[in-house]
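The following exercises concern one protein model. Each consists of a task and a solution given in steps.

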Amino acid sequence: MKEMTPSAALKRLASLCAKREYCTGDLNKKLLQWGIDEQDRAAIIAKLVEAQYVDDERYARMFIRDKIEMNGWGRRKIEQALYAKRIDSAISRPILDEYDAASYTEKLLPLLRGKLKTVKAASDYERYSKLMRFALSRGFGYDIARRCIEQLGIEAADSE
C-alpha cells in the first residue's frame, strides 16, 4: 500500500467520520496502518476532534446503547470492548451508570429463556451452572445473572 500524506489522511478520515461514528482509538489505528508518524497522527486527530468529526463521549454513548439494546451485552463485556478501543473509563463509566440493574435484567431474562430451551442438563444444578456461564460470558454481573436464573425457577443448590 502506498504511503498516504497527512493532508490526504485528514481528508479521508473526515469523509469516513461523516458517514459513521468512530472513536479516536479507531482513527489512530487507521493512521498507523497508513504509515502516518506519531506527531502527524496527534495533529490530525486533534483537528478532527476540534471540528467535531469525532467525539469519544458521543461514540461511547452510541456504542453502549447499541451493545445493550441490539447485542444483549452486559456491563463487563461493554467495559472490556471500550477498553480495547482505548475509550477512557472516565468517559464510559458515567454513561454505563445511566443503565440500572433493571435494564440489564430486562435484556438478560429473554436471553436466558431462549438459552434454557437449548440447555441439556441432568440436574437443576448443572442447568443453573450452564445458564450462569452463559450470562457471565455475555458480560452480565453475577448478582444480576443469579437473580434472573432464579426468576426462571432454577435454584443453585442441588441435593446430589
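**Exercise 1.** With which residues is Ser 92 in contact, leaving aside its neighbours within four places in sequence?

*Solution.* The structure is a predicted model, in which local features need pLDDT of at least 70, side-chain atom pairs count only at pLDDT 80 or more, and totals for chains, interfaces and linings use all residues. Residues are numbered from 1 along each chain as its sequence is written, and side-chain values use heavy atoms, with hydrogens and water left out.

Step 1. Locate the residue: Ser 92 belongs to helix H6; helices are DSSP runs of H or I with at least four residues, numbered from the N terminus.

Step 2. Apply the contact criterion, heavy atoms within 4.5 Å. Beyond the excluded neighbours, Ser 92 touches Ile 64, Leu 82 and Ile 87.

Step 3. Classify the exposure. Buried means under 20% relative accessible area, exposed over 50%, and partly exposed in between, with a 1.4 Å probe and protein chains only. Ser 92 has a relative accessible area of 5% and is therefore buried.

**Exercise 2.** Identify the largest nonpolar core and the elements that contribute to it.

*Solution.* Step 1. A nonpolar core is a set of buried Ala, Val, Leu, Ile, Met, Phe, Trp, Tyr and Cys residues joined through side-chain atoms within 4.5 Å. The largest such core comprises 29 residues, and Phe 63, Ile 64, Ile 78, Leu 108, Leu 112 and Ile 149 have the most contacts inside it.

Step 2. Two or more residues come from each of helices H4 (56-69), H5 (75-84), H6 (89-97), H7 (101-118), H8 (124-137) and H9 (142-151).

Step 3. A separate second core has 14 residues, among them Ala 9, Leu 13, Tyr 22 and Leu 48.

**Exercise 3.** Describe the packing of H7 against H9.

*Solution.* Step 1. Two packed helices are described by the angle between their axes and the distance between the axes. The axes are lines fitted to C-alpha atoms over the stretch in contact, with angles from 0 to 180 degrees between N-to-C directions.

Step 2. The axes of H7 and H9 come within 9 Å and cross at roughly 50°. H7 is therefore oblique to H9; angles under 35 degrees count as roughly parallel, over 145 as roughly antiparallel, 65 to 115 as roughly perpendicular and the rest as oblique.

Step 3. At this interface, the residues of H7 that meet H9 include Leu 108 and Leu 112, and those of H9 that meet H7 include Cys 148 and Ile 149. Leu 112 is also one of the residues that Ile 149 touches when those up to four places away in sequence are not counted.

**Exercise 4.** Characterise Glu 126 and Glu 98.

*Solution.* Step 1. Glu 126 lies in helix H8 and is partly exposed, at a relative accessible area of 30%. A polar atom of its side chain lies 3.0 Å from the backbone nitrogen of Ala 122.

Step 2. Glu 98 is placed in the loop between H6 and H7 and is exposed, at 52% relative accessible area. The side chains of Glu 98 and Arg 61 form a polar contact of 2.9 Å; such a contact is a pair of N or O atoms within 3.5 Å, one able to donate a hydrogen and the other to accept it, and residues adjacent in sequence count only if both atoms are side-chain atoms.

**Exercise 5.** What is the phi of Gln 52, and where does this residue lie?

*Solution.* Step 1. Gln 52 has a positive phi of about 65° although it is not a glycine.

Step 2. Gln 52 is found in the loop between H3 and H4 and counts as exposed, with 60% relative accessibility.
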